[in-house]
Amino acid sequence: MVTYDFEDRLAAAKAGDESGFVELFRSIQPALLRYLTTVGGSLAEDVAGETWVSVVRGLDRFTGDEAGWRAWVFTIARARLRDAQRRVARSPQTVDAFDTLESRSDGTDVAYHVEQILSTEAALALIRRLPRDQAEAVLLRHVAGLDVARTAKVLGKRPGAVRVAAHRGLRRLSELFKAVDGQTDATSCNEFGSKTGK
């Protein structure tokens with residue numbers, strides 16, 4: 001987050017100062033990419049680019065504080081993602097079965113699984129398993145750092161619905177994490193037993 005000097009950075013960016021815009025960009029880009037990657041998969045990079053083009057075009061019209069800025073950028077990103085998903089749905093997709101099968105984990109590399117569970121990517125992979133409304137609520141509230149009211153505005157929902165979706169999402173994530181953690185423990189025990197002959 002920029003937090004300090006937000007108004008100055010925004011004013012500078014609006015006046016065409018590249019360093020001011022870079023500071024604003026850096027304050028939100030990591031969270032934006034996490035959100036887009038989790039809900040948009042392979043579309044994330046392109047959608048992020050389209051989002052920033054839209055932000056630059058509309059920057060002069062933006063008014064508000066830092067929290068408003070974050071909500072505004074995520075609202076644009078969500079709209080650009082919906083556009084991209086509609087384009088993809090209308091165009092035929094080819095799938096390389098060999099690459100798909102080759103990229104799958106065989107489930108026996110314990111070190112790999114432990115590392116994945118502890119990484120941000122693993123957390124985002126678990127979030128991807130949530131229903132979309134829960135995933136978006138969790139991402140916007142806890143990854144992007146938006147409050148309930150701004151998350152509701154981005155999603156076009158009531159604040160109460162956002163609270164419920166985020167709560168259910170966090171509860172489901174806890175269950176998913178326990179299941180993944182249990183599988184890792186079981187795999188570790190099986191591997192240990194096979195190495196010791198038990």
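The legends below describe close-up views of a predicted model.

Residues are numbered from 1 along each chain as its sequence is written, and side-chain values use heavy atoms, with hydrogens and water left out. Local features in this predicted model need pLDDT of at least 70 and side-chain atom pairs count only at pLDDT 80 or more, while totals for chains, interfaces and linings use all residues.

**Figure 1. Overall view of the helical protein.** The protein has ten helices and zero strands, where helices (H or I, at least four residues) and strands (E, at least two) are DSSP runs numbered from the N terminus. Its pattern along the sequence is α-α-α-α-α-α-α-α-α-α. The protein has 198 residues, of which 35% count as buried; buried means under 20% relative accessible area, exposed means over 50%, and partly exposed lies in between (1.4 Å probe, protein chains only). About 11900 Å² of the protein is exposed, with carbon and sulfur atoms supplying 53% of this area. Accessible areas come from the Shrake-Rupley method with a 1.4 Å probe, and for residues only the protein chains shown count as cover. Among contacts with a separation of 6 or more, 67% are between residues 24 or more positions apart, a contact being heavy atoms within 4.5 Å.

**Figure 2. The salt bridge between Arg82 and Glu136.** Side chains of opposite charge can pair when their charged atoms come close. A salt bridge is a side-chain nitrogen of Lys or Arg within 4 Å of a carboxyl oxygen of Asp or Glu, and the whole structure holds nine of them. In the pair shown, the closest N and O atoms of Arg82 and Glu136 are 3.6 Å apart. This pair links distant parts of the chain: Arg82 belongs to helix α4 (residues 66–90) and Glu136 to helix α8 (residues 132–143), 54 residues apart. Arg82 is partly exposed, at 23% relative accessible area, whereas Glu136 is buried, at 2%.

**Figure 3. Glu136 and its neighbours in helix α8.** Which other side chain meets Glu136 in a salt bridge? The partner is Arg132, with an N to O distance of 3.9 Å. Glu136 and Arg132 are four residues apart in helix α8, so about one helical turn separates them. Arg132 is partly exposed, with a relative accessible area of 32%. The buried residues of α8 include Ala135, Glu136, Ala137 and Val138. Just after α8, Gly145 has a positive phi of about 80 degrees.

**Figure 4. A salt bridge within helix α10, between Arg172 and Glu175.** The closest N and O atoms of Arg172 and Glu175 are 3.3 Å apart. Because the two residues are three places apart in helix α10 (residues 159–196), about one helical turn separates them. An α-helix has 3.6 residues a turn, so residues three or four places apart point the same way. Arg172 is partly exposed at 36% relative accessibility, and Glu175 is partly exposed at 43%. Elsewhere, salt bridges that share partners join Arg78, Arg82, Arg132 and Glu136 into one network.

**Figure 5. Packing of helices α2 and α4.** Helix α2 (residues 18–40) packs against α4 at an angle of about 35 degrees, and their axes are 11 Å apart. Axes are lines fitted to C-alpha atoms, for helices over the stretch in contact, and angles run from 0 to 180 degrees between N-to-C directions. The crossing of α2 and α4 is right-handed, meaning that the near helix is turned clockwise from the far one by less than a right angle. Residues of α2 in this contact include Leu24, Ile28, Leu32 and Tyr35, and those of α4 include Trp69, Val73, Phe74 and Leu81. By class, the contact has twelve nonpolar, three polar and two charged residues. Ala, Val, Leu, Ile, Met, Phe, Trp, Tyr, Cys and Pro count as nonpolar, Asp, Glu, Lys and Arg as charged, and the others, Gly among them, as polar.

**Figure 6. Surroundings of Thr51 in helix α3.** Thr51 lies in helix α3 (residues 44–58). Is Thr51 buried or exposed? Thr51 is buried, with a relative accessible area of 0%. Leaving out residues up to four places away in sequence, Thr51 touches Leu32, Val73, Ile76, Ala77 and Arg80.

**Figure 7. Glu66 and Ala79 in helix α4.** Glu66 is buried at 12% relative accessible area. The C-alpha atoms of Glu66 and Leu10 are separated by 9.1 Å, with the two positions 56 residues apart along the chain counted as their spacing. Ala79 is partly exposed, at 31% relative accessibility. Ala79 and Leu155 are 76 residues apart in sequence, and their C-alpha atoms are 9.9 Å apart in space.
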